[in-house]
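The following paragraphs offer a guided reading of a protein model. Please keep the sequence and the structure in view while reading.

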Amino acid sequence: SLHGSLPPEEQRRVFVRPPRGVTKVVLATNVAETSITIDDIGFVVDSGRVKEERYEATRRMACLEDVLVSRASAKQRRG
């Protein structure tokens with residue numbers, strides 16, 4: 001798992017090439033659209049969904065809604 005709360009030394013492990021015969025797999029989220037590029041990825045698994053902040057007028061509050069990503073976002077995620 002790669003996320004911002006990991007210490008930098010743990011985050012750098014994502015760039016270490018796996019041993020021969022081992023495939024690196026990434027589970028992508030919308031963070032992958034604007035984040036780093038990892039050059040030796042074998043496969044990317046993407047749910048095609050994202051949680052977007054929406055305003056609910058009836059409740060007068062913001063909420064996170066699970067929605068499908070746009071085609072442009074999906075292309076950006078795949079690198």
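With which residue does Glu65 form a salt bridge? The partner is Arg54, and the closest N and O atoms of the two side chains are 3.7 Å apart. A salt bridge is here a side-chain nitrogen of Lys or Arg within 4 Å of a carboxyl oxygen of Asp or Glu. Glu65 lies in strand β4 and Arg54 in strand β3, so this pair ties together parts that are 11 residues apart in sequence.

Before going further, the basis of the description should be stated. The model is predicted: local features need pLDDT of at least 70, side-chain atom pairs count only at pLDDT 80 or more, and totals for chains, interfaces and linings use all residues. Residues are numbered from 1 along each chain as its sequence is written, and side-chain values use heavy atoms, with hydrogens and water left out.

The overall plan can now be set out. The protein chain contains two helices and four strands, arranged from the N terminus in the order α-β-β-β-β-α. These elements are DSSP runs numbered from the N terminus, with helices (H or I) of at least four residues and strands (E) of at least two. Of the 79 residues in the chain, 13% are buried; buried means under 20% relative accessible area, exposed means over 50%, and partly exposed lies in between (1.4 Å probe, protein chains only). The accessible surface comes to about 6,700 Å², and carbon and sulfur atoms account for 52% of that surface. Such areas come from the Shrake-Rupley method with a 1.4 Å probe, and for residues only the protein chains shown count as cover. Among contacts with a separation of 6 or more, 19% join residues 24 or more positions apart, a contact being heavy atoms within 4.5 Å.

The hairpin of β3 and β4 repays a closer look. Strand β3 covers residues 49–56 and strand β4 residues 61–68, and the two pair in the antiparallel sense over eight bridges. Strands are taken to pair if DSSP finds at least two bridges between them. The bridge partner of Arg49 in β4 is Leu68, and that of Val50 is Val67. Four residues stand between the strands of this hairpin. One residue in the loop between β3 and β4 is Arg60, which has a positive phi of about 55° although it is not a glycine. Arg60 is also exposed, with a relative accessible area of 69%.

Tyr55, in strand β3, is likewise counted as exposed, at 57% relative accessibility. Beyond its neighbours within four places in sequence, Tyr55 is in contact with Arg60, Met61 and Ala62. The C-alpha atoms of Tyr55 and Glu65 are separated by 9.6 Å, with the two residues 10 apart along the chain.

The charged side chains of the hairpin can now be revisited. Side chains of opposite charge can pair when their charged atoms come close. Besides its bridge to Glu65, Arg54 forms a salt bridge with Glu52, where the closest N and O atoms are 2.5 Å apart. Each of these three residues counts as partly exposed: Glu52 at 32% relative accessibility, Arg54 at 33% and Glu65 at 34%.

Elsewhere, Arg17 forms a salt bridge with Asp40, the closest N and O atoms being 3.7 Å apart. Arg17 lies in the loop between α1 (8–12) and β1, and Asp40 in the loop between β1 and β2, so the pair ties together parts that are 23 residues apart in sequence. The two partners differ in their cover: Arg17 is exposed, with a relative accessible area of 55%, whereas Asp40 is buried, at 13%. Together with Lys24, these residues are linked in a network of salt bridges. The structure holds seven salt bridges.

The surface also carries a nonpolar patch, formed by Val25, Leu27, Phe43 and Val45, with about 420 Å² of accessible area together. Patches consist of residues with over 30% relative accessible area and no salt bridge; like charges are joined within 9 Å, and nonpolar side chains (Val, Leu, Ile, Met, Phe, Trp, Tyr) within 5 Å. Strands β1 (25–28) and β2 (43–46) each supply at least two residues of this patch. Val45, found in β2, counts as partly exposed at 43% relative accessibility.
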